[in-house]
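Here are my notes for a colleague who is opening this entry without having seen it before. They go through the ligand site and then the sheet, point by point.

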Amino acid sequence: MKGLLVVFSAPSGAGKTTIISRVRAVEPNCAFSVSHTTRAPRAGEVEGIDYHFVTEDGFSDIERSGGFVEWAHVHAHRYGTSVAEVDRQLAAGRDVLFDVDYQGGRALMRRYPDAVTIFVLPPSMAEIRRRLQGRALDDEATIRLRLHNARIEIATAGEYRFTVTNEELDRAVEDVRAILRAERLRSSLHAARIRQLVAEEV
Ligand code: ADP
Ligand code: 5GP
């Protein structure tokens, strides 16, 4: 069966990195599309696992050679999804999870109309601030920029097929798994099996 393309967007701090890693821990067929970024690695982030960390020039080279399915400026840095990454995962028959901002979400929706799109909502704006402060990875100016951008990002949530509110983490992870389970039952993904049953001699 063909894998699913699953696009996650959310304002920074809503918890989508946490949700994606929890989902991947219990859904072995889910791969992660590792993006390229010009931002510096945060403590604990690993090259090739969390991101491909590249210089401005390195990013421009990939962009010029048509290596990105989509890319965007987000929070003063550039982030992009590489064609090679998507093709590699799909060829392996795996579901591919994307973590992209709303610009990336729109581009992927256009390119892959069958993609499953999920917007992760925070319980409140105040909770986003608390989580960004609690994560202790960004300075106050960065947190303020991310909060400003959060409103712009949330205003696009209605363009996504699903919304999941990340109030209680276990519940949010189960909601995502429920979506994946239903999407894997879509009849369009089972056309070969349907044809086989119609043709079966008894
Ligand atoms: P994002 O990838 O959306 O920017 P993260 O996954 O890094 O967000 O989460 C931001 C912070 O909030 C992290 O410190 C994470 O541990 C915490 N967090 C995530 N989900 C929850 C939740 N449901 N309740 C409380 N804290 C959470
Ligand atoms: P962070 O710096 O917190 O890891 O990510 C910042 C934002 O960039 C998040 O909204 C994340 O979804 C987005 N992002 C990460 N990778 C990509 C990508 O490849 N393309 C786009 N358009 N956005 C991305």
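1. How many Å separate a polar side-chain atom of S35 from an oxygen atom of ligand 2? In this model, which is predicted, the distance between the two is 2.6 Å.

2. Y51 also places a polar side-chain atom 2.6 Å from an oxygen atom of ligand 2, while a nitrogen atom of the ligand is 2.8 Å from an N or O atom in the side chain of D101. The protein buries 96% of the 510 Å² that ligand 2 exposes when it is taken alone.

3. Looking at the surroundings as a whole, 17 residues surround ligand 2, and the closest of them are S35, R39, Y51, Y79 and D99.

4. Turning to the fold, five strands form an open sheet with parallel pairing, and their order across the sheet is 2-7-1-8-9. Strand 2 (30-32) and strand 9 (162-165) are the edge strands, each of which pairs on one side only. On average, and with direction ignored, neighbouring strands of this sheet are turned by 25 degrees against each other.

5. At one edge of the sheet, strand 8 (residues 116-121) runs parallel to strand 9 and is joined to it by four bridges; within this pair, V120 stands opposite V164 of strand 9.

6. Helix 7 (residues 169-183) packs on the sheet, where it touches strand 1 (5-9), strand 2, strand 8 and strand 9. The direction of helix 7 makes about 155 degrees with that of strand 9, the edge strand already described in point 4.

Key
Residues are numbered from 1 along each chain as its sequence is written. Chains are lettered from A and ligands numbered from 1 in the order in which they are written. This is a predicted model: local features need pLDDT of at least 70, side-chain atom pairs count only at pLDDT 80 or more; totals for chains, interfaces and linings use all residues. Side-chain values use heavy atoms; hydrogens and water are left out. Two strands pair if DSSP finds at least two bridges between them. Helices (H or I, at least four residues) and strands (E, at least two) are DSSP runs, numbered from the N terminus. Axes are lines fitted to C-alpha atoms, for helices over the stretch in contact, and angles run from 0 to 180 degrees between N-to-C directions. Contact means heavy atoms within 4.5 Å. A residue is near a molecule or strand if one of its heavy atoms lies within 4 Å of it. A polar contact is a pair of N or O atoms within 3.5 Å; within protein, one must be able to donate a hydrogen and the other to accept it, and residues adjacent in sequence count only if both atoms are side-chain atoms. Accessible areas come from the Shrake-Rupley method with a 1.4 Å probe; for residues, only the protein chains shown count as cover.
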